[in-house]
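Here is a short round of questions and answers. Look at the model first, then read on.

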Amino acid sequence: MSELLQIIAAYIVADAAAAIFHLATDCGLNTARVVAQFQSHHKSPGLMTFDLEPAMAGIVILLLSHVACPWFLAPLGVFISFGQMPHYFTHHPAPRIVRTLQRLRIFLPPESHASHHNGTFDRDYCVISGWNNWWINAIVSRSSAIKSMIRKQNSQ
């Protein structure tokens with residue numbers, strides 16, 4: 001695979017991994033601290049906090065790129081490490097370059113993420129680009145078990 005395709009694939013995988021992490025946390029499948037952070041963010045989206053755990057996971061992946069697949073793992077590590085930034089700018093004023101990336105749908109546009117905060121938190125889990133929302137939303141919409149876990153977490 002060409003280097004550019006590997007970088008694009010890493011971006012798509014990072015978006016999917018962050019979305020799955022988000023979905024799992026919204027289902028209560030994470031540490032109590034991280035679940036509480038997400039619940040707080042759902043109640044007040046503008047009070048988003050940054051967590052070092054995703055950044056640390058990205059650093060580990062970046063280090064692995066020295067052993068294998070550097071054109072895929074190095075960008076994947078960087079995208080995961082900085083994956084909270086596009087999400088942050090869906091809730092806060094963004095600099096011009098970020099707004100341009102949002103309009104181009106390279107970064108998650110605020111209107112795409114707003115549907116996650118519709119009160120049920122049962123869709124649109126991607127926080128980097130949103131490119132994977134279509135298939136994650138399809139899985140969630142068809143799974144009564146996932147929807148039940150999300151409802152349980154949001155009722156606490």
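Q: Which helices do the buried residues of helix 8 pack against?
A: This is a predicted model, where local features need pLDDT of at least 70, side-chain atom pairs count only at pLDDT 80 or more, and totals for chains, interfaces and linings use all residues. Residues are numbered from 1 along each chain as its sequence is written, and side-chain values use heavy atoms, without hydrogens and water. Helices are DSSP runs (H or I, at least four residues), numbered from the N terminus, and contact means heavy atoms within 4.5 Å. The buried residues of helix 8 pack against helix 1 and helix 9 (144–154).

Q: Where on helix 8 do its buried residues lie?
A: Buried means under 20% relative accessible area, exposed over 50%, partly exposed in between (1.4 Å probe, protein chains only). The buried residues of helix 8 are Asn 133, Ile 136, Asn 137 and Val 140. They cover an arc of only 100° around the axis (taken from the directions from the helix axis to the C-beta atoms), which puts them on the same side of helix 8.

Q: Which residues are exposed on the other side of helix 8?
A: Turn helix 8 away from its buried residues. There the exposed residues are Trp 134 and Arg 142.

Q: How many aromatic pairs does the structure hold?
A: Rings of Phe, Tyr and Trp (its six-membered ring) pair if their centres lie within 6.5 Å; planes under 30 degrees apart count as stacked, over 60 as edge-to-face and the rest as tilted. The structure's number of aromatic pairs is 4.

Q: Why is the pair of Tyr 11 and Trp 131 edge-to-face?
A: The ring centres of Tyr 11 and Trp 131 are 5.2 Å apart. The pair is edge-to-face because the planes stand at 70°.

Terms used: Helix = DSSP H or I, 4+ residues; strand = E, 2+ residues; numbered from the N terminus.
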